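Work through the exercises below with the structure open. Each task is followed by a stepwise solution.

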Amino acid sequence: MKKFKVNNILGAIIFTALAVCLAAGVYLKNHSEPISAPYVDFLKSVEEGSVSEVVLTDESSLRYKLAGGDAEYVTENPRSPSLKEELLKQGISVSEGGALSNSGGTVMSVLFFCAVLFMVYKVTNHQGPKTAMALNVSDASESAVQYPGFDDIAGNEEAKESVRDIVDFIKNPDKYARYGARMPHGMIFYGPPGTGKTLMAKAIAGEAEAPFYAVSGSDFVQMYVGVGAGRVRDLFRKARENKKAVIFIDEIDALGKKRSANPQGGNDEREQTLNALLTEMSGFSNSEGIIVIAATNRLDTLDEALLRPGRFDRQIEIGLPDLNARRSILNLHIKNKPMSEDVDMDSVAKQTVFFSGAMLENLLNEAAIFAAKRAAENIEPTDIDKAYYTVIAGSEKLDRSGIKERERRITAYHESGHALAAKLLSPENTVAKITIIPSTKGAGGFCVNIPPDKMYYTKSEIENQIMINLAGRAAEELMFGSENVTTGAGNDIEKSTSLARDYITKYAMGSGFAYDEKSSHDAMKKLLDDLYAKTRDFLLGNQNLLIAVSEELLDRETLNEEDLDRILGAEDRP
Ligand code: ATP
């Protein structure tokens, strides 16, 4: 716990409250050691809907509670990027860090006591330099762990190059001030989830040997007006005490979204917090080696006010890794793992187009867990295969007794529709795997269709991709009738619609530019209708191949690319 002076009565009361909380925490901890449970049991409980609450952290274990019980369980944390979303979808309450709630009277009364104190505090409106809010932010953000350096980041070479001078600036701000250089005090890293934005920010701190403060934009947006702004001031005060620091604000969009994106109009709390942030940033002197790095998945949603000179005026894209970068990320993460010589890392890199760095790390971690469970000497290709399945679709559903034969048939034809369209319409694509093994995440099966790594995609390639997405539904309709199509195509239709939207509005590949909302909607509808009709005709013309692939898939549950080539080659022969 941080040191702070108890210099007034209020401080004494808060101190007492904290002491009571601490004592209650120790009491509860001693009286309720978490029960260790295997990860499969956790998944089973999630599936059965009996998990009420989960606490996720960056650590190797996660904690959870079952509905109606007070016992706390601890299990392996797969650190899967989609785990949180999956749990939330199931209606489970998920928090990151902190403790599980406790329904016991002790905790309730302690919380009540603290709430009363907090309200008294708010009314008296003390804002001394070391406030309760200050403790809140610093304790959550500061970490004493060893930060990574640039060597711990594979790929992302351009981004690394673009931040090297920042490292030098944090170390020697005076050097730049002497030349009258105005170094950026704010940078934005933007790109898809899991591409290493946090890692890059930490590495800057590591290279500059500066403390790292991490917060999330959503931490600042509170119910009470003024609390977020107070937290911002507190955070910057702490950073300034060190003279040099890296402040990392994840999910900056929670604070700095464009106003038009918020139809309810202004949100006082959000605006006050954002203003406090911008004011703090403009108050940096050139001799302070402090840099604020914000991260977002989408730069275009941010309020332009944030991007003005003197604010977050350096914007660096951190994108998905290309083939070479994937190979180096994989090689970096196998360093501490016993890999069998039979695992071909080049082919793993090839099969992981669209994987982020976090997904690649997760793939190897899952493979290592499979190998450990088997007590094998090394991680074998089969472990990688299983892990690949897990990362893409979640764990294999072990109890498949509830799945009816008819559902299996529909899934097989649906997935074969995708595979056939991919193989014949876009031969450059790789169809790495096609399976009807259901996953615990609810997928009935899937077809991994990987387009080649490319800078640009042509109009006809995008049309083909839409047809590949629609081919699952078209195959269902062709084989089982339009009355019997299923909800299994929901995700495909979402993806097709999004591609069609880009085709019309972003890339202007339709019949003209500058669509208004109504005409772009009409153009998208026409494009999707035409492509769906084309897909149905395509499958009708290749119905014998569709049946051949589907029947073998029903038989063997999983097919790989060689199997498909064999079936298609054999069936092609007159
Ligand atoms: P989000 O947008 O979801 O917050 P992020 O872009 O901040 O994600 P990180 O949290 O930095 O992603 O990445 C998660 C993990 O993925 C890292 O801790 C690291 O293990 C791995 N990783 C991601 N990119 C790389 C990379 N380029 N080199 C090595 N490891 C990487």
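Rings of Phe, Tyr and Trp (its six-membered ring) pair if their centres lie within 6.5 Å; planes under 30 degrees apart count as stacked, over 60 as edge-to-face and the rest as tilted. The model is predicted. By this rule the count comes to 9 aromatic pairs.

**Exercise 1. Classify the pair F212 and F248, then place both rings in the fold.**

Step 1. Take the two descriptors: a pair of aromatic rings is described by the distance of the centres and the angle of the planes.

Step 2. The centres of F212 and F248 are 6.0 Å apart, and their planes meet at 25°. The cut-off for stacking is under 30 degrees. The pair is therefore stacked.

Step 3. F212 sits in strand β7 (residues 212–216), and F248 in strand β8 (residues 244–250). The two are 36 residues apart in sequence, so the pair ties together separate parts of the chain.

Step 4. Check burial; the cut-off is under 20% relative accessible area. F212 has 4% and is buried. F248 has 2% and is buried.

**Exercise 2. Do the same for Y389 and F446.**

Step 1. The distance is 5.1 Å centre to centre, with 50° between the planes. This aromatic pair is tilted.

Step 2. Y389 belongs to helix α17 (residues 381–393) and F446 to strand β12. The pair links distant parts of the chain, 57 residues apart.

Step 3. Both Y389 and F446 are buried.

Step 4. Now look for a cluster. Y39, F42, Y64 and Y73 form one.

**Exercise 3. Describe the shell around the ligand: which residues, which elements, which polar contacts?**

Step 1. The ligand is surrounded by 19 residues. The closest are A154, G194, K197, T198 and L199.

Step 2. Sort the shell by class: 7 nonpolar, 8 polar and 4 charged residues.

Step 3. Map the shell onto elements. α8 (197–208), α14 (323–333) and α16 (357–373) each supply at least two residues. At domain level, domain 2 (132–317) and domain 3 (323–393) each give at least three.

Step 4. List polar atom pairs. A backbone N or O atom of A154 is 2.7 Å from a ligand nitrogen. A polar backbone atom of G196 lies 3.0 Å from a ligand oxygen. A polar side-chain atom of H333 is 3.0 Å from a nitrogen atom of the ligand.

Step 5. Finish with area. Alone, the ligand exposes 640 Å². The protein buries 77% of that.

**Exercise 4. Is H185 buried or exposed, and what does its side chain reach?**

Step 1. H185 is in the loop between α7 (173–178) and β6 (186–190).

Step 2. Its relative accessibility is 8%, so H185 counts as buried.

Step 3. The H185 side chain reaches the backbone oxygen of I290 at 2.9 Å.

**Exercise 5. Compare the loop residues A375, A508 and A443.**

Step 1. A375 lies in the loop between α16 and α17. Its phi is near 55°, a positive value in a residue other than glycine. With a relative accessible area of 65%, A375 is exposed.

Step 2. A508 lies in the loop between α20 (490–506) and α21 (517–541). Phi of A508 is near 45°, again positive in a non-glycine residue. At 21% relative accessibility, A508 counts as partly exposed.

Step 3. A443 lies in the loop between β11 (430–435) and β12 (446–450). At 28%, A443 counts as partly exposed. A443 and A393 are 50 residues apart in sequence, yet 6.8 Å apart in space, C-alpha to C-alpha.

Key:
Residues are numbered from 1 along each chain as its sequence is written. This is a predicted model: local features need pLDDT of at least 70, side-chain atom pairs count only at pLDDT 80 or more; totals for chains, interfaces and linings use all residues. Side-chain values use heavy atoms; hydrogens and water are left out. A residue is near a molecule or strand if one of its heavy atoms lies within 4 Å of it. A polar contact is a pair of N or O atoms within 3.5 Å; within protein, one must be able to donate a hydrogen and the other to accept it, and residues adjacent in sequence count only if both atoms are side-chain atoms. Accessible areas come from the Shrake-Rupley method with a 1.4 Å probe; for residues, only the protein chains shown count as cover. Helices (H or I, at least four residues) and strands (E, at least two) are DSSP runs, numbered from the N terminus. Ala, Val, Leu, Ile, Met, Phe, Trp, Tyr, Cys and Pro count as nonpolar, Asp, Glu, Lys and Arg as charged, and the others, Gly among them, as polar. Domain bounds come from an automatic or database domain assignment. Buried means under 20% relative accessible area, exposed over 50%, partly exposed in between (1.4 Å probe, protein chains only).
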